[in-house]
Structures are given as C-alpha cells and as structure tokens.
Amino acid sequence: MSITIRRISANEARERDAALAEALSDVLIDCVEGGASVSFMLPLPRTKALAFWRGVLEGAARHERVLLVAQTAESRIIGTVQLITALPDNQPHRADIAKMLVHRDARRQGVAAQLMAAVDQAAHEEGKTVLVLDTVTGGDAERLYLRAGWQVAGVVPNYALMPDGAYCGTTFMHKQLAV
Ligand SMILES: CC(C)(COP(=O)(O)OP(=O)(O)OC[C@H]1O[C@@H](n2cnc3c(N)ncnc32)[C@H](O)[C@@H]1OP(=O)(O)O)[C@@H](O)C(=O)NCCC(=O)NCCS
C-alpha cells in the first residue's frame, strides 16, 4: 500500500476541519473497539472521540503538539501519531509520543513503522533529543517501539485498564536522539 505521512499544519489545525476530526475519530474508535488501551473505555461514543480530536487540533494550532497522519493515495486517513512538545520549563529538550494508532484495515504493512520514522524526524525538527512514551506491556506496540530503537525504562503492573475493564501493565520507554 502506498501511503503518505503528513504533518497537520498549525493553520489546518486552527481551522479544526470537521472532516479531519471525523477521520481521526474513525481510526480511534476502530482501535478501541479492537481492544487497544489508549485512554478510552468501551463503548467509545463518537461525540467523545470527536471532542478528543478537537482538543488535539487546538493543541496543534497552539504549537503544543505535532499531529502526524498516514493517508492512502485516495486521501483516507489510516493512521496517526502525536509528538507532545509543551512540557515544563526544565524539559525543553524533551517530548512525549502519544496516540500511535493504525486502523485495523491497514495493519502489518509498515504504516506504524513509517509514522515512527516521521515522528523522529519531527522531534529532530523541533529540537527535541529525549522522547518518552508508555505502552501496554507485551502488546503489539511494544515490539514496534523496540524495533524503532526505543529502550525500556521500566514496567508498572496494573497501571491502566484495557477497554473492557481488565487491568494491564504499562511499559515506560525512552529514546535518545542525536543532537
Ligand atoms: C501497534 C500498531 C500501531 C502497529 O501498527 P502497524 O501499522 O500494524 O505496525 P507495523 O506494520 O509497522 O508493524 C506491525 C507488524 O507487522 C509486521 N510487518 C510490517 N510490514 C509488513 C509487511 N509488509 N508484511 C508483513 N508483515 C509486516 C511488522 O514486522 C510487525 O510485526 P510484529 O507483529 O511481529 O511486531 C497497531 O497495531 C495499532 O494501532 N494498535 C492499536 C493501538 C495501539 O495499541 N497503539 C499503541 C499505543 S502506545
């Protein structure tokens, strides 16, 4: 599958394009319905997903986060990831990675690997050298991050819930980028 990774510009985010929020909600709802532990529980109402993405777009418009999307040649959004850059004053060199999501229709074709490469590039452009994320211990995403050169900092048992309410452990990871 031919895909393009695109950074949503601050202007585009400022316009808070309804179609963009709908498309990102499609991906988020699909992931949660597929059992991904990404902050939300089942059932995930569309209104809640849309409110989440509107907030993300507001943050991108304020340059507090970078929003990347993966889209097909037909411009369908099938994946996304964020670089959260607005952190405390004593961490100007650091960013968090959040909401790495690929629609189930598009998995196991390297979309997430491409998003990870693009988010590294975005971090470099933003002058960030220390990246941090957390993910379900033993999940598909943990393997993805290890392949992308991330290191495990530690595991917190029972840190979060799966969408169906079961406890899950969380692995905290970091990646040091060259200056
Ligand atoms: C984790 C997630 C983002 C991975 O997305 P993806 O696009 O399928 O990831 P990739 O295609 O880069 O890699 C997935 C697997 O496919 C394999 N793969 C990649 N390209 C392939 C290809 N062309 N042919 C066959 N396999 C391929 C990878 O080696 C990897 O194998 P693994 O399962 O043994 O680790 C996706 O499963 C997802 O969205 N999950 C739900 C949300 C979630 O949990 N996000 C993480 C939040 S921290």
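**Close-up views of a predicted model**

**View 1. Cys168 is a buried residue, with a relative accessible area of 7%.** The model shown here and in the views that follow is predicted. Cys31 is likewise a buried residue, its relative accessible area being 3%. The sulfur of Cys31 has its closest cysteine sulfur in Cys168, at 15 Å, which is too far for a bond, because a disulfide requires the two sulfur atoms to lie within 2.5 Å. Cys168 is accordingly in no disulfide, and the structure as a whole holds zero disulfides.

**View 2. The ligand occupies the largest pocket.** Around the ligand there are 20 residues, and those that come nearest are Met100, Arg108, Gly110, Arg143 and Arg147. Four elements each supply at least two residues of the shell: strand 4 (94-102), helix 4 (111-125), strand 5 (130-136) and helix 5 (140-147). Helix 5 gives the largest share of this shell, with five residues.

**View 3. Backbone atoms of Gln109, Gly110 and Ala112 face oxygen atoms of the ligand at polar-contact distances.** For Gln109, a polar backbone atom is 3.2 Å from a ligand oxygen. In Gly110, which is also among the residues that come nearest to the ligand, a backbone N or O atom lies 2.7 Å from an oxygen atom of the ligand. The corresponding distance for a backbone N or O atom of Ala112 is 3.0 Å. Taken alone, the ligand exposes 950 Å², of which the protein buries 72%.

**View 4. Arg94, in strand 4, makes side-chain polar contacts with Gln91 and Asp96.** The side chains of Arg94 and Asp96 are joined by a polar contact of 2.7 Å. A polar contact of 2.9 Å links the side chain of Arg94 to that of Gln91. The relative accessibility of Arg94 is 17%, so this residue counts as buried, the limit being under 20%.

**View 5. Lys99, also found in strand 4, has a positive phi.** The phi angle of Lys99 is near 50°, in a residue other than glycine. With a relative accessibility of 16%, Lys99 counts as buried.

**View 6. Ser75 has a positive phi and lies in a loop.** Its phi is about 70°, although Ser75 is not a glycine. The loop that contains Ser75 runs between strand 2 (65-72) and strand 3 (77-84).

**View 7. The peptide bond that joins Leu42 and Pro43 is cis.** The omega angle of this bond is about -5°. Pro43 has its place in the loop between helix 2 (18-33) and helix 3.

**View 8. Gly59 of helix 3 is buried.** Helix 3 spans residues 46-61. The relative accessible area of Gly59 is 2%. Gly59 and Ala13 are 46 residues apart along the chain, and their C-alpha atoms are separated by 8.3 Å.

**View 9. Tyr159 is a partly exposed residue of strand 6.** Strand 6 comprises residues 151-161. Tyr159 has a relative accessibility of 47%, and therefore counts as partly exposed, since the exposed class begins over 50%. Tyr145 precedes Tyr159 by 14 residues along the chain, and a distance of 19 Å separates their C-alpha atoms.

Note on methods:
Residues numbered from 1 in each chain as written. Predicted model: local features only at pLDDT ≥ 70, side-chain atom pairs only at ≥ 80, totals over all residues. Heavy atoms only, no water. Buried < 20%, exposed > 50% of the residue type's maximum accessible area, 1.4 Å probe, protein only. Near = heavy atom within 4 Å. Polar contact = N/O pair within 3.5 Å; in protein donor to acceptor, adjacent residues only side chain to side chain. Areas by Shrake-Rupley, 256 points an atom, 1.4 Å probe, with all protein chains shown as cover. 1 Å grid on protein atoms, 1.4 Å probe; cavity = no way out; pocket = protein on both sides within 12 Å on 5 of 7 lines; lining within 4 Å. Sits in = over half its atoms within 2 Å of the grid points.
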